[in-house]
Amino acid sequence: MAVTAPATGSAAPPAAAPRGLATVTPEHLRRRYRRDRFMIGLLVLATAAVLVPLLIIVWYVVSNGISAVLTFDFYTQDLGSPARALQGRPTGLGHTILGTIVVDALALLIAVPIGVGAGIMLSEYPDHPLNPVLRILNDTLNGMPAILKGLLAFSLIVKPMGTFSGISGAVALAFVMLPIIARATEGVLRIIPWSIREAGLALGLPRWRVVLNTVLPAARVGVVTGILIAFARAAGEAAPLLFTSFGNNFFSSTPLRYLMGPVDTLPARLYSLAISPYKEWHAMGWGAAVILLVLVIVTFVGTRIVTRARHATDL
Amino acid sequence: MDPVTMPPTVPSNPKPQQAGQGEARATVVAHAAPRMVTEGITVLYGKTVGVHDVSLTFRDKTVTALIGPSGCGKTTFLRALNRMHDLSRGVKVTGKAVLDGQDIYANGVDPVTIRRRIGMVFQKPTPFPTMSIYDNVVAGLKLVGIRDRALLDEVAERSLRQAALWEEVEDRLRAPASGISGGQQQRLSIARALAVEAEVLLMDEPTSSLDPQSTMRIEELIQELKNTVTIVIVTHNMQQAARVSDYTAFFYEGDLVEVSDTNTMFTNPKQRRTNDYITGRFG
């Protein structure tokens with residue numbers, strides 16, 4: 001019996017049957033290459049369909065906002081009243097950028113340990129009685145509209161404190177990040193081969209040690225990516241911040257007031273500038289959009305570089 | 001599984017055939033004391049029987065090979081010996097596995113302590129991918145809080161020497177463990193188990209993913225390790241069983257069919273099934 005070529009799908013049409021499946025004529029090969037090129041073409045098209053709108057957005061935002069972000073005052077001044085912009089006095093979004101950094105950083109600080117912890121629970125302890133409950137809660141939180149998360153933070157923090165605050169804004173954003181981080185962590189941990197866990201356990205290591213010191217490091221890059229996606233998503237949310245961090249037209253008087261008092265954030269400010277009746281503020285709104293884009297892009301690229309460099313040395 | 005078609009079993013024959021019946025191999029430690037004894041180990045996957053009522057004795061500082069066709073339960077049995085089944089949902093182990101007089105399945109026995117005494121080497125080399133060679137070897141110590149640098153260095157060197165890997169990695173202990181060859185990774189896995197001073201070493205087809213030369217090195221290593229530890233090895237390769245082991249146990253469809261010293265097993269098996277398997281009639 002002739003040794004047949006490995007099955008290659010439908011490449012050999014029945015018309016060629018008399019020559020046997022084993023024979024691959026140049027015509028067959030040409031057809032396969034044509035089909036291959038066609039499929040690659042489709043993939044390139046799909047990639048373009050993703051990239052083109054992104055580039056249009058970036059170009060549109062940057063071209064509208066570039067004039068605002070190229071001024072020094074934009075970073076050093078606070079907004080003040082519309083009169084400042086209208087009369088050409090110094091005005092800017094320095095307080096907004098600062099407020100965004102404070103609120104986003106605090107949100108990450110809250111969401112990362114809890115989110116990664118929940119992800120570990122979901123992936124590593126499937127038999128734990130709390131596991132199904134956690135899964136339902138996490139999925140619910142994931143599907144909950146962002147504005148409701150703002151309301152939740154409002155009732156949890158703003159009401160008892162009696163004031164809008166950076167903390168409440170951070171908590172609201174942490175609610176946005178949490179389920180994304182938990183899901184992403186669960187996903188990457190599941191990919192890590194079971195054999196690594198067994199190897200750790202066979203050394204007589206306790207379960208939590210195995211997870212923290214062997215499984216989690218192996219999944220590091222994926223976990224970081226998940227955190228970044230969550231961060232990028234939360235950094236752009238305005239809704240949860242409307243009645244939590246609220247907004248502020250000025251630099252806070254003391255550093256503590258960034259946490260304990262109302263603070264400005266880029267997405268919320270972008271919205272309020274955009275709906276204002278002043279052309280000058282519209283331009284600053286575009287500027288806020290540019291900064292927001294840069295923040296997200298820099299975070300992504302920066303963390304990628306850091307995780308890759310670390311990866312190369314310890315792995 | 002139809003019980004009628006099951007081959008005759010050796011329900012409880014914990015003692016391997018004494019050396020003296022047939023020709024005793026020179027490597028057999030004549031009257032080695034039992035180190036680990038299983039009594040009626042049964043492993044259930046849900047309602048499916050993985051291993052049925054296996055009673056075996058592993059003698060101190062000897063090598064026992066578990067052989068049998070795929071799915072015969074030899075790996076399942078091996079994993080019952082250090083409570084690796086504890087982690088799998090729906091797997092139930094009954095019976096006793098007694099190490100130095102203590103049943104590892106008794107109430108109040110901590111599987112973590114048991115696994116430090118009964119190490120395991122898996123089919124595929126499993127270095128921890130994010131750790132260096134050094135950190136892999138001492139992982140079992142470092143991760144439970146031992147920080148004494150000098151002690152860790154000493155253990156790392158001793159374990160790597162025992163695993164016949166020291167010369168090859170001495171000058172790159174800080175290099176990533178994923179960068180060494182498969183055979184070296186497997187010896188690293190062995191070194192890692194030795195570092196926590198495992199007294200019994202369970203090996204689940206440790207050479208099945210290795211090339212012949214690496215296989216030979218591991219087999220030589222097993223012969224050396226026998227001076228200090230008790231080894232149980234699962235193998236698909238009957239030549240390997242014959243080369244490395246002092247005792248051989250043949251499993252079929254979840255039952256222990258026959259156990260005796262390796263020489264007797266391969267020259268004069270008692271059971272027809274065993275004979276059929278080792279002569280290659282099935283399996």
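**Confidence and contact in a two-chain model**

Q: In this predicted model, which residues at the start of chain A, from residue 1 on, have a pLDDT under 50?
A: The model is predicted, and pLDDT gives the predictor's confidence in each residue, from 0 to 100. One stretch of chain A stays under 50 and has 13 contacts beyond four places in sequence. Where pLDDT is low, the coordinates should not be read in detail. The stretch is residues 1–12.

Q: Where else in chain A is the pLDDT below 50?
A: Another stretch of chain A falls below 50. Beyond near neighbours in sequence, that stretch has 7 contacts in the model. It covers residues 311–315.

Q: What pLDDT does chain A average?
A: In chain A, 91% of the residues score at least 70. The average for chain A is 89.

Q: Which element of chain B supplies the largest share of the side that touches chain A?
A: On chain B, 26 residues are in contact with 18 residues of chain A. Elements that each supply at least two residues of this side include β6 (118–121) and α7 (182–195). The largest share is 4 residues, and it comes from α2(B).

Q: How many residues of that side of chain B are nonpolar?
A: Sort the side of chain B that touches chain A by class. There are 5 charged and 8 polar residues. The nonpolar count is 13.

Q: Is α7(B) largely enclosed or exposed?
A: A residue is buried if 20 or more other C-beta atoms lie within 10 Å of its own. In α7(B), 13 of the 14 residues are buried, so the helix is largely enclosed.

Methods. Residues are numbered from 1 along each chain as its sequence is written. Chains are lettered from A and ligands numbered from 1 in the order in which they are written. This is a predicted model: local features need pLDDT of at least 70, side-chain atom pairs count only at pLDDT 80 or more; totals for chains, interfaces and linings use all residues. Two residues are in contact if their C-beta atoms, placed from the backbone, lie within 7 Å. Ala, Val, Leu, Ile, Met, Phe, Trp, Tyr, Cys and Pro count as nonpolar, Asp, Glu, Lys and Arg as charged, and the others, Gly among them, as polar. A residue is buried if 20 or more other C-beta atoms lie within 10 Å of its own, exposed if 12 or fewer, and partly exposed in between; C-beta atoms are placed from the backbone.
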